[in-house]
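Let's take a walk through this protein chain together. Have the sequence and the 3D view open side by side, and follow along as we go.

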Amino acid sequence: MKCPKCQTDDDKVLDSRSARDGAAIRRRRECLACGFRFTTYEEIDRDEVLVVKRDGRRQTFERQKLEKAIRQACGKRRVSSEQIKTMIDSVVARLEGDEIPSTKIAELVMEELHRVDEVAYIRFASVYRQFKDVAQFLSAITEIVKK
């Protein structure tokens with residue numbers, strides 16, 4: 001693992017423990033060249049999963065894209081990085097099969113966002129459901145208030 005400070009790839013593991021409810025391993029490392037300490041996470045790399053887009057195209061599932069979308073929806077909200085990682089882990093754990101429709105992933109994300117932050121949920125839903133006007137926003141907000 002390359003040191004983020006000096007880019008040397010000579011380090012030692014100081015501590016390992018389970019993280020994200022067993023979905024990852026957190027490792028505390030120390031660079032042997034400069035002494036800088038840093039944390040890494042190790043997780044299961046799923047076999048290639050394809051996402052089937054609305055237009056029928058297929059793309060390889062990328063956890064980074066999922067994280068970017070969730071972080072964007074949660075921007076300037078009181079949602080911690082740990083909550084975001086937990087949401088991502090939950091969505092990834094619920095993905096089944098070799099090909100997953102993008103709509104299924106979006107629905108799973110919306111479930112997680114609805115549970116954590118309703119404003120982030122509305123933000124994500126407005127993009128995913130392609131809201132065209134204020135009436136659609138109001139309808140989504142009314143739906144949340146009723147629950």
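Where is Asp 45 found? Look in the loop between β3 and β4, the latter being residues 50-52. Keep in mind as you look that this is a predicted model. Asp 45 is exposed, because its relative accessible area is 70%, and anything over 50% counts as exposed here. Now try picking out Ala 120, which is 75 residues from Asp 45 along the chain. The C-alpha atoms of Asp 45 and Ala 120 are separated by 28 Å.

With that loop located, zoom out to the whole chain. The protein chain contains five helices and six strands. Starting at the N terminus, the order of elements is β-β-β-β-β-α-α-β-α-α-α. The chain's radius of gyration is 19 Å, while the globule rule gives 15 Å for 147 residues, so the chain is more spread out than a compact globule. Measured out along the principal axes, the C-alpha atoms fill a box of roughly 60 × 35 × 25 Å.

A few more whole-chain numbers help set the scene. Of the 147 residues, 33% are buried. If you take the contacts between residues at least 6 apart in sequence, 39% of them join residues at least 24 apart. The accessible surface comes to about 9800 Å², and carbon and sulfur atoms account for 48% of that. As for charge, there are 31 positive and 26 negative side chains, and the centres of these two sets lie 6 Å apart.

Next, go to helix α1, residues 63-73. Which of its residues are buried? They are Arg 63, Leu 66, Ile 70 and Ala 73. These residues cover an arc of only 95° around the axis, which is why they end up on the same side of α1. Turn the helix around and you'll find the exposed residues Gln 64, Lys 68 and Gln 72 on the face pointing away from the buried side. And what covers the buried residues of α1? The cover includes strand β3 (37-43) along with the helices α2 (81-93), α3 (102-116) and α4 (118-128).

Carry on past α1 into the loop that leads to α2, where both Lys 76 and Arg 77 sit. Lys 76 is exposed, with a relative accessible area of 86%. Its backbone is worth a look too: phi of Lys 76 is near 60°, a positive value in a residue that isn't glycine. As background, most residues other than glycine have a negative phi. Arg 77 is partly exposed, at a relative accessible area of 33%. Which residues does Arg 77 contact, once its neighbours within four places in sequence are set aside? They are Asp 117, Val 119 and Arg 123. Arg 77 and Val 119 are 42 residues apart along the chain, yet their C-alpha atoms are separated by 8.1 Å.

Another pairing across the sequence turns up at Glu 99, in strand β6 (residues 99-101). Glu 99 is partly exposed, with a relative accessible area of 39%. Not counting residues up to four places away in sequence, Glu 99 touches Leu 50, Val 52 and Arg 58. The C-alpha atoms of Glu 99 and Leu 50 are separated by 4.7 Å, with their positions 49 residues apart along the chain.

Finally, head for the last helices. In the loop between α4 and α5 you'll come across Gln 130. Gln 130 has a positive phi of about 55°, although it is not a glycine. This residue, Gln 130, is partly exposed, with a relative accessible area of 43%. Beyond that loop, helix α5 (residues 134-146) holds Phe 137. Is Phe 137 buried or partly exposed? Phe 137 is partly exposed, because its relative accessible area is 33%, which falls between the 20% and 50% cut-offs. Leaving aside neighbours within four places in sequence, Phe 137 is in contact with Ile 122, Ser 126 and Phe 131. From C-alpha to C-alpha, Phe 137 and Ile 122 are 7.7 Å apart in space, and they are 15 residues apart in sequence.

How values were computed:
Residues numbered from 1 in each chain as written. Predicted model: local features only at pLDDT ≥ 70, side-chain atom pairs only at ≥ 80, totals over all residues. Heavy atoms only, no water. Buried < 20%, exposed > 50% of the residue type's maximum accessible area, 1.4 Å probe, protein only. Helix = DSSP H or I, 4+ residues; strand = E, 2+ residues; numbered from the N terminus. Arc of directions from axis to C-beta. Contact = heavy atoms within 4.5 Å. Rg over C-alpha atoms; globule rule 2.2 N^0.38 Å. Areas by Shrake-Rupley, 256 points an atom, 1.4 Å probe, with all protein chains shown as cover. Lys, Arg positive; Asp, Glu negative; His and termini not counted. Charge placed at Lys NZ, Arg CZ, Asp CG, Glu CD.
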